[in-house]
Amino acid sequence: MNHVLLLTGLLALSISASAQKQDVSLRFKAPAAHYQEALPLGNGKIGALITGHPGNDRITLNEISLWSGGVQDADNDTAYRILPRIQEYLLHGRNREAQELLQQYFVCKGEGSGRGSGAKKPFGAYQVLGDLQLLWKDSLASWTNYQRTLDLEKAVATTTWQKDGVTYKQEAWISIPANILAIKISASRKGMISLSASLSRKEFASVTVQKDHIIMQGQLPNGDKPGMHYASALQVKTSGGTKTTTDKNIQIENADECLLLFSAATDYNVADYTKPKADPLPGVLNTLQSAAAKQYGPLMSDHVKRYAQYFNRNRFYLDGNISDTLSTPERLARYFEQQPDPQLPVLYFNYGRYLLISSSRPGGLPANLQGLWAPEYQTPWNGDYHININLQMNYWLAPMTGLADLAEPVHHYTKGLVKTGTKTAKAYYNAPGWVAHVITNPWGFTSPGEGADWGSTLTGGAWLCEHLWEHFRYTKDTAFLRQYYPVMKGAASFLRAILIKEPKHGWLVTAPSNSPEHSYIMPDGTRANTVMGPAIDMQICRELFGACIEAAGILKTDAAWATELKEVRKQLAPNQIGAAGDLNEWLDDWKDGEPHHRHISHLYALHPYDEITPWATPELTTAVRETLRQRGDDGTGWSLAWKINFWARLGDGDHALVLIHKLLRPVDPVKPVGGGSYPNLFSAHPPFQIDGNFGGTSGIGEMLLQSHGDDQTIRMLPALPTDADWQSGRVKGMHARGAFIIDMDWKKGALTTARIISPKGGTCRLLLPAGKTVRNAKGGVLAQAGNKAEVVTFTTIRSGVYQVQ
């Protein structure tokens with residue numbers, strides 16, 4: 001054995017381990033046995049899950065547009081004829097009969113989502129592309145000193161191990177500019193790399209091997225018809241040794257170094273999903289050819305540079321560290337046992353940003369239920385776009401963390417639903433405007449689902465419109481508002497048209513609808529889902545109508561329509577407090593079918609909408625607290641994440657931290673029980689749903705900075721926990737509504753300094769901490785607070801920088 005090489009290898013591993021930053025690194029001490037232990041890589045188009053096995057490595061591959069299914073007409077075109085009867089039943093309290101009619105007529109044609117198993121149905125499913133297998137010649141040999149890490153600052157996964165005195169290193173990343181997955185394998189001794197590389201997929205695939213290329217391509221089904229075409233290719237480059245091909249793989253013998261380049265594409269056309277693009281294979285091969293012509297160093301440097309432009313826009317730091325020898329699963333276990341780890345919440349915050357950068361790319365499809373990463377051919381719930389919270393939660397973090405441009409896919413996707421949603425609005429409601437219900441896919445599905453108990457929620461499209469309005473509130477981009485105002489107006493026009501007057505108070509309400517996936521129990525014992533005027537519908541109506549009224553004024557258009565909408569808005573059913581002191585979920589004060597239900601839809605008014613705030617609506621705020629007390633602190637992953645946002649909006653950082661601990665509860669990939677986090681920090685519903693990751697990052701953001709409410713007052717550290725781990729820290733690049741960027745530092749739980757950047761100029765409203773002063777770039781005093789915090793107002797100039805000291 002070469003003891004010098006062994007010592008050098010051990011020293012390299014030791015330095016690598018100690019150099020891992022706890023706030024930006026995932027670390028494992030063993031290969032991934034399940035995908036929930038793998039390291040996710042992505043560029044918003046191509047995805048990979050790095051298992052890092054030194055003998056038989058299986059890397060899961062994804063392409064974000066790879067869907068089975070296709071365009072279909074799922075509307076029941078005569079459903080609108082039965083609408084008056086359904087509404088009449090609801091008006092007379094005959095909800096069970098209304099729901100029975102709804103199930104008969106107000107569902108989609110055909111099989112819909114296939115009850116969440118639509119891979120072989122026209123609805124389709126997001127699917128795994130396939131596997132890249134790296135089978136080492138000495139695959140059964142033992143290894144030591146194993147380490148696998150994901151560096152969130154560089155978006156690079158690195159695996160190192162030792163065999164027989166040789167240190168091996170596998171470095172993997174997915175490039176945004178080059179659109180390739182690159183895997184570089186090296187060793188501390190020449191001629192020690194011997195392995196075979198292959199691509200595989202268990203169905204609808206053909207694989208060919210050509211010299212230094214492996215090509216895998218095929219066509220997925222659209223029900224009983226042919227569907228989407230896809231193509232992928234792997235190029236193998238070696239230094240030293242020999243390279244041979246078989247009909248199944250490329251074999252490498254005694255190489256010094258090996259570089260694998262992979263790319264993939266489909267014929268899905270984001271601009272018009274009804275018109276597939278040309279054969280994707282030539283483009284894939286051109287992409288590989290361009291990447292292969294470059295040296296590895298510059299290729300990787302371009303990747304890191306482009307990725308860092310996104311990641312470094314926003315940073316969050318807490319002081320303090322723990323032992324740097326712990327793996328991520330070990331850290332999760334310690335944190336669950338209430339042992340301190342100041343950097344674990346920071347890591348989770350950064351991981352959410354990393355996952356969004358890696359799964360959402362302008363010009364592509366939005367991040368789905370699993371973001372970009374799925375090993376399944378039949379993904380849970382089809383890996384689709386659920387729009388009764390899940391897709392929306394994926395993008396809550398985008399504007400606040402400076403990633404508003406990465407929300408372009410969900411903006412474009414929302415606009416793309418208008419055409420089919422207009423037809424659906426006519427078919428079921430004989431209404432103008434457009435509607436989308438609960439489940440959607442890349443093929444413009446806007447019909448109700450196949451089950452009336454969950455599939456008839458009619459505010460999914462309207463909720464998506466909130467992201468359009470919030471983008472404007474954060475950016476003040478009037479060109480964007482002008483482009484998307486017709487989408488908002490169409491959704492509002494639909495809601496306006498379907499409102500009916502309920503008999504008890506004369507309020508305007510939606511009908512028929514439901515509160516997402518929840519049921520109620522009427523005084524006579526009737527248990528059902530179908531209602532008129534659930535609280536969330538009324539809140540979304542108020543929000544969307546208000547946004548359209550304000551947008552029309554900004555754009556100087558539709559004055560008469562906006563005036564009419566103001567009058568309608570006044571007549572909407574208000575938020576109501578029930579006999580138990582909680583906020584009513586239903587128009588009547590009925591019992592909940594599930595008192596601890598994961599959806600807390602009637603608190604939409606608290607978050608993401610800002611109709612209920614502690615400073616403007618104290619009585620409703622008290623009712624919201626009681627609602628949260630009744631629902632409890634347990635839940636699925638994404639439900640726990642939403643509760644973090646709720647408690648942050650209530651200014652209760654300590655309770656928000658309780659939910660963070662629950663969201664970071666370790667979940668076993670083999671026997672998952674309850675919400676929490678898998679070993680690789682993927683959020684466990686269970687199963688894996690990425691919305692919990694994104695929602696958790698949003699919740700931490702809400703703890704650090706808020707700017708909601710009618711006057712968009714900026715509130716710094718509004719929900720900072722009293723826990724010792726959180727008492728000293730700093731934030732860079734948090735974004736606030738009104739187009740402001742905030743940096744701030746704090747010590748002993750109190751703000752020390754802050755900087756406000758105003759890219760667009762305009763009036764800034766700020767809750768200024770006691771004893772602090774706002775100064776402009778020349779040192780001039782713009783505002784001061786006395787011995788208590790005060791809301792101050794000052795005028796900013798374009799690109800102005802202001803100090804709070």
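This explanation leads through a predicted model, from its nonpolar cores to a helix pair and then to one buried aspartate.

The largest nonpolar core comprises 232 residues, and those with the most contacts inside it are F316, Y429, M716, M744 and L766. Helix α15, spanning residues 535–555, gives the most to this core, with 12 residues. A second, separate core has 19 residues, among them L259, V284, L288 and A292. Returning to Y429 in the largest core, its contacts, not counting residues up to four places away in sequence, are Y80, L83, F106, T424, V435, H437, L458, F494, I498 and P512.

The next topic is helix packing. Helix α18 (residues 637–649) and helix α20 (residues 691–704) pack with their axes 8 Å apart, at an angle of about 10°. Because angles under 35 degrees count as roughly parallel, α18 is described as roughly parallel to α20. On the α18 side, the contact involves G637, W638, A641, I644, N645, A648 and R649; these meet D691, G692, G695, G696, S698, G699, I700, E702 and M703 of α20. By class, the residues of this contact divide into six nonpolar, seven polar and three charged.

The last site is D743, located in strand β30 (residues 740–747). Is D743 buried or exposed? Its relative accessible area is 13%, and D743 is therefore buried, the cut-off being under 20%. A polar atom of the D743 side chain lies 2.8 Å from the backbone nitrogen of G733. Not counting residues up to four places away in sequence, D743 touches V731, K732 and G733, as well as T753, A754 and R755.

Terms used:
Residues numbered from 1 in each chain as written. Predicted model: local features only at pLDDT ≥ 70, side-chain atom pairs only at ≥ 80, totals over all residues. Heavy atoms only, no water. Core = buried A, V, L, I, M, F, W, Y, C linked by side-chain atoms within 4.5 Å. Buried < 20%, exposed > 50% of the residue type's maximum accessible area, 1.4 Å probe, protein only. Helix = DSSP H or I, 4+ residues; strand = E, 2+ residues; numbered from the N terminus. Contact = heavy atoms within 4.5 Å. Axes fitted to C-alpha atoms, helices over the stretch in contact; angles between N-to-C directions. Parallel < 35°, antiparallel > 145°, perpendicular 65-115°, else oblique. Nonpolar A, V, L, I, M, F, W, Y, C, P; charged D, E, K, R; others polar. Polar contact = N/O pair within 3.5 Å; in protein donor to acceptor, adjacent residues only side chain to side chain.
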